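Q: Please show me how to read a ligand site and a nonpolar core.

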Amino acid sequence: MSIIIKSASKQDIKSSEITTETDYLNRRDFIKKSGILVSAAWAGGLSLPASAKSSDYGNDYPGLKKTAYGKGENLTSFKDATTYNNYYEFGTGKKDPAKKAVNFKTDPWSITVEGEASKTGTFHLEDILKHAQVEERIYRFRCVEAWSMTVPWVGFSLADMLKRFEPTSKAKYVQFETLYDPKQMPGQVRRVLDWPYRDGLRIDEAMNPLCFMATGIYGRDMPNQNGAPIRLVVPWKYGFKNIKSIVKIKFMEHEPVCTWNVTGPKEYGFYSNVNPDVDHPRWSQATERALGSNFWEPKTKTRLFNGYGEQVAHLYKDMDLTKYF
Ligand code: MTE
């Protein structure tokens, strides 16, 4: 991938933000190391959630701010979260992404912002990260295939980032797009999905404080198979809305195309909120099995909005959730 960045409009990136290639290549490291002073304090008072093994954690983000989100939840092991993945660009098997994404190149990386916003253009990931308040949040994550995991995500508020692009009043939706690069992504050689992978949110959903842009898990940089270098996490929606390896963000007036919705419109709606009362046409959504649990252990009951109703139920007030599934 080229590191030549073209700006769509002059005000997008200040000249002081344009970097030489060397600065640029070092900047992602610099952003992380600047947390180093706080890290001594963090290392001294290390307190991990009860179920996490300290070896699951890495130290790519020294001084990472921990938050109250999901404190005390039982965490999925790093191994389970990184060896049982859906990432069709690297194959349709659950073990394919861990094996086939090993050499996926995620640095340099840039994101193009288009559509109904004042500040559009192509931005180095580093320039986006420079403004971000990076922190850790533990979120439950529920796949439409009825497995779930709970992971400490590293990242920052989606709303904070989107606001910096100054969406116009016409921006009613936002669409995200994954990289299309069949040379690196062997799964894209076959048309199993309508590439590039795309998904979207209504703008008020996207601006909800829970929405997170994740650049890591377990204090480590995002493993390639989990969507490096940057992916979306919307914890009250099914896993497939959590699009990986994002290269484009588009503000739109109309509901955007979403890959799974166009692939199977009767099975995957635009909203795809976790909902135990609305079954997938081919299986129940009432229960789930946590990754890493044994098959003889009882499944757990799935909760409406994956348990995040207090924060998000208002977004769907007066909507028939069987129609807008
Ligand atoms: N994003 C892209 N680009 N391609 C994909 O195939 N799979 C989705 C989602 N994001 C997918 C994607 C699905 S179905 C799930 S369940 C989650 O990623 C899995 O995320 P994880 O591998 O971190 O568990």
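Q: Which of the residues around the ligand come nearest?
A: This is a predicted model, where local features need pLDDT of at least 70, side-chain atom pairs count only at pLDDT 80 or more, and totals for chains, interfaces and linings use all residues. Residues are numbered from 1 along each chain as its sequence is written, and side-chain values use heavy atoms, with hydrogens and water left out. A residue is near the ligand if one of its heavy atoms lies within 4 Å of it. Here 19 residues surround the ligand, and N85, Y88, E89, N242 and K244 come nearest.

Q: Which polar side-chain atom lies 2.9 Å from a nitrogen atom of the ligand?
A: A polar contact is a pair of N or O atoms within 3.5 Å. The atom belongs to T178. The side chain of E89 places an N or O atom 2.8 Å from a ligand nitrogen, and that of R231 places one 3.0 Å from a ligand oxygen. Of the 540 Å² of accessible area (Shrake-Rupley, 1.4 Å probe) that the ligand has on its own, the protein covers 98%.

Q: Which residues have the most contacts inside the largest nonpolar core?
A: In soluble globular proteins, nonpolar side chains tend to be buried together. A core joins buried (under 20% relative accessible area, 1.4 Å probe, protein chains only) nonpolar residues through side-chain atoms within 4.5 Å. The largest has 78 residues, and W153, L158, W236 and F251 have the most contacts inside it. Contacts (heavy atoms within 4.5 Å) of L158 include F176, L201 and C211.

Terms used
Polar contact = N/O pair within 3.5 Å; in protein donor to acceptor, adjacent residues only side chain to side chain. Buried < 20%, exposed > 50% of the residue type's maximum accessible area, 1.4 Å probe, protein only. Lists of a residue's contacts leave out its neighbours within four places in sequence.
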